[in-house]
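Let's take a walk through the aromatic rings of this model and the residues around them. Have the structure open as you read.

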Amino acid sequence: VSERFVTFEVDSERVEGLKIPVSAVTDKMFYLVPVSYLVPGGSTTGFLKEVYSAEGTTAEFVPATIYYSTDTDYYIDMGDQAPLKSGDYIVKPDSSERYQIGRTDSLKGVYNINKGYAVFKQIEILKSNDEYYTIRKGMDYGLYVYDHIVLNAETVYEGELIYQ
């Protein structure tokens with residue numbers, strides 16, 4: 001009896017959110033695109049990409065997945081299968097203004113597997129310890145209660161099919 005002990009921690013600061021393991025969190029790089037260049041397309045949103053041909057320059061609608069947004073920029077995919085690449089130009093709707101894709105930034109997030117494949121979801125860390133993060137729940141482009149996530153982000157990649 002004299003050799004038994006219990007380790008505990010007294011936490012005086014209360015934070016509400018979702019609790020996820022540290023191993024589930026990863027960083028992912030994204031292109032930054034100004035908000036004013038977004039073209040709403042009904043159920044699909046995207047951008048007008050400049051396409052060069054023998055007949056001249058035209059603007060082609062390219063659908064894009066938005067992973068996060070700020071007041072000034074959208075974060076869009078910069079992977080191998082991404083519709084926009086570094087150096088591409090997009091055109092502002094109803095204008096001749098152009099923007100060259102190239103600025104990047106990273107976001108912390110997890111891979112959500114609700115649909116059977118890995119989808120990156122951005123997180124906002126409210127509190128942390130050695131084993132878990134407490135993150136904001138219900139934010140735009142983020143996680144919600146009962147979402148399924150990959151517990152070790154290093155074992156999957158974006159779009160990978162997950163067998164359940």
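A good place to start is a single aromatic cluster made up of Phe30, Tyr67, Tyr68, Tyr75, Tyr111 and Phe120. Keep in mind that this is a predicted model. Across the whole structure, a search turns up seven aromatic pairs. One of them joins Tyr68 and Tyr75, whose ring centres lie 5.3 Å apart with 65° between the planes. Because planes over 60 degrees apart count as edge-to-face, that is the label this pair receives.

How do the two partners sit with respect to the surface? Tyr75 is buried, since its relative accessible area of 7% falls under the 20% limit. Tyr68, at 23% relative accessibility, counts as partly exposed.

From Tyr68 you can step across to Asp73, as the two are in contact. Asp73 belongs to strand E7, which covers residues 73-77. Is Asp73 buried or exposed? With a relative accessible area of 11%, Asp73 is buried. Its side chain nevertheless has a polar partner: a polar contact of 2.7 Å links it to the side chain of Arg103. Beyond its neighbours within four places in sequence, Asp73 also touches Leu32, Val33, Pro34 and Val35.

Finally, look for rings that have a charged residue over the face. Arg98 lies over the face of Tyr89, 3.9 Å from the ring centre. Lys19 takes up a place over the face of Tyr132, and here the distance to the ring centre is 4.5 Å.

How values were computed: Residues are numbered from 1 along each chain as its sequence is written. This is a predicted model: local features need pLDDT of at least 70, side-chain atom pairs count only at pLDDT 80 or more; totals for chains, interfaces and linings use all residues. Side-chain values use heavy atoms; hydrogens and water are left out. Rings of Phe, Tyr and Trp (its six-membered ring) pair if their centres lie within 6.5 Å; planes under 30 degrees apart count as stacked, over 60 as edge-to-face and the rest as tilted. Buried means under 20% relative accessible area, exposed over 50%, partly exposed in between (1.4 Å probe, protein chains only). A charge sits over a ring if NZ of Lys or CZ of Arg is within 6 Å of the ring centre and within 35 degrees of the ring normal. Helices (H or I, at least four residues) and strands (E, at least two) are DSSP runs, numbered from the N terminus. A polar contact is a pair of N or O atoms within 3.5 Å; within protein, one must be able to donate a hydrogen and the other to accept it, and residues adjacent in sequence count only if both atoms are side-chain atoms. Contact means heavy atoms within 4.5 Å.
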